[in-house]
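Biologist: I am new to this structure. Please take me through the surroundings of the ligand, piece by piece.

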Amino acid sequence: MVFYYKGLKIVIYLLGMRETPESITIGGEEFFYEKILKDDFFSVNVLYKSEGGLRYVLKLSDFRFIFGVFLRPLAQFFSRREYRIYEKIKDIPGVPALGPRFGKRGYFHFFIEGITLHEYKGVLPDDFFSNLKEIIDEVHRRRIFYLDLNKLGNIIVGTDNKPYLIDFQVSVYFKPVKWFFIGKVIDWIFNKLIREDIYHLYKHKKRFRSDLITPDELSLTKRTGFNKWYNLLFGQPYRKVKRLIYPSGSNEIIWYKWRKVKDKSKTMP
Ligand SMILES: Nc1ncnc2c1ncn2[C@@H]1O[C@H](COP(=O)(O)OP(=O)(O)O)[C@@H](O)[C@H]1O
Ligand SMILES: [Mg+2]
């Protein structure tokens with residue numbers, strides 16, 4: 001990690017900071033380090049490519065600030081948690097194939113050639129949002145509340161023009177509960193919460209393909225009473241904390257804020 005301070009370049013190599021391998025074998029094929037995809041305070045995403053042209057992403061959880069090294073057990077916890085959720089949905093078309101774990105804080109998943117919705121310019125295909133809804137419905141059927149759908153950086157428009165969903169870091173799995181009454185209450189909460197995912201789905205549709213949105217879908221772009229409360233108690237505080245750290249509008253969260261480099265993008269992903 002490199003810090004710039006008053007013109008002096010101070011290089012600080014925090015204990016084992018770059019532990020990404022030069023190459024890795026997945027499914028009998030060797031993949032070589034290509035480049036860093038995204039590097040922020042919480043994780044680093046590294047791209048690997050095989051001779052045959054296939055690519056995998058290594059997502060390594062890390063608290064990448066001074067003394068972050070002491071939070072490694074927490075990074076391990078988050079990475080394992082994300083992997084467990086990913087395993088429950090890895091066979092859904094539209095979720096990139098899951099690769100092996102790497103160490104205690106990392107895992108590989110297939111790289112989708114394309115562009116995130118955050119950077120996408122142009123007109124999305126007519127069936128883009130119905131395809132995305134199929135992915136999200138299937139995630140919900142497996143009792144997972146995705147939770148991060150407001151972030152356009154988590155939706156990829158593949159070169160095949162199809163949607164792909166990544167990043168299950170904050171998703172929540174609702175384990176089925178046997179006791180009838182408690183089970184019913186938990187199901188009720190789950191069904192209310194997943195409305196938040198649907199809300200974001202149609203907000204995006206309204207933004208990208210408002211010409212195709214139906215009146216029913218439009219009514220879902222308004223939050224219900226429950227979701228208003230949810231947003232007030234969790235959504236807004238979460239975004240406020242995030243904005244304190246991340247420069248407004250940035251998807252590629254690097255060190256802009258600290259290095260005073262002006263961020264050019266307009267909207268928060
Ligand atoms: N499997 C993938 N295919 C294509 N791009 C990816 C993939 N995984 C990550 N990326 C790129 O890296 C970015 C960050 O990945 P993500 O898993 O969302 O991490 P974070 O938790 O840091 O948001 C994405 O917005 C996307 O640009
Ligand atoms: Mg993300």
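Modeller: Here is a close look at the shell around ligand 1, with a little background first. This is a predicted model, in which local features need pLDDT of at least 70 and side-chain atom pairs count only at pLDDT 80 or more, while totals for chains, interfaces and linings use all residues. Residues are numbered from 1 along each chain as its sequence is written, and chains are lettered from A and ligands numbered from 1 in the order in which they are written.

The chain has six helices and 13 strands. Helices (H or I, at least four residues) and strands (E, at least two) are DSSP runs, numbered from the N terminus.

Now the shell. Ligand 1 is surrounded by 19 residues. A residue is near the ligand if its C-beta atom, placed from the backbone, lies within 6 Å of it. The closest are Lys38, Val57, Ile112, Gly153 and Asp167.

Which strands each supply at least two residues of the shell? They are β4 (29-39), β5 (43-50), β6 (55-61) and β8 (106-110).

By class, eight shell residues are nonpolar, seven polar and four charged. Here Ala, Val, Leu, Ile, Met, Phe, Trp, Tyr, Cys and Pro count as nonpolar, Asp, Glu, Lys and Arg as charged, and the others, Gly among them, as polar.

Finally, why does ligand 1 lie between domain 1 (14-111) and domain 2 (113-250)? Both domains give residues to the shell, so ligand 1 lies between them. The domain bounds come from an automatic or database domain assignment.
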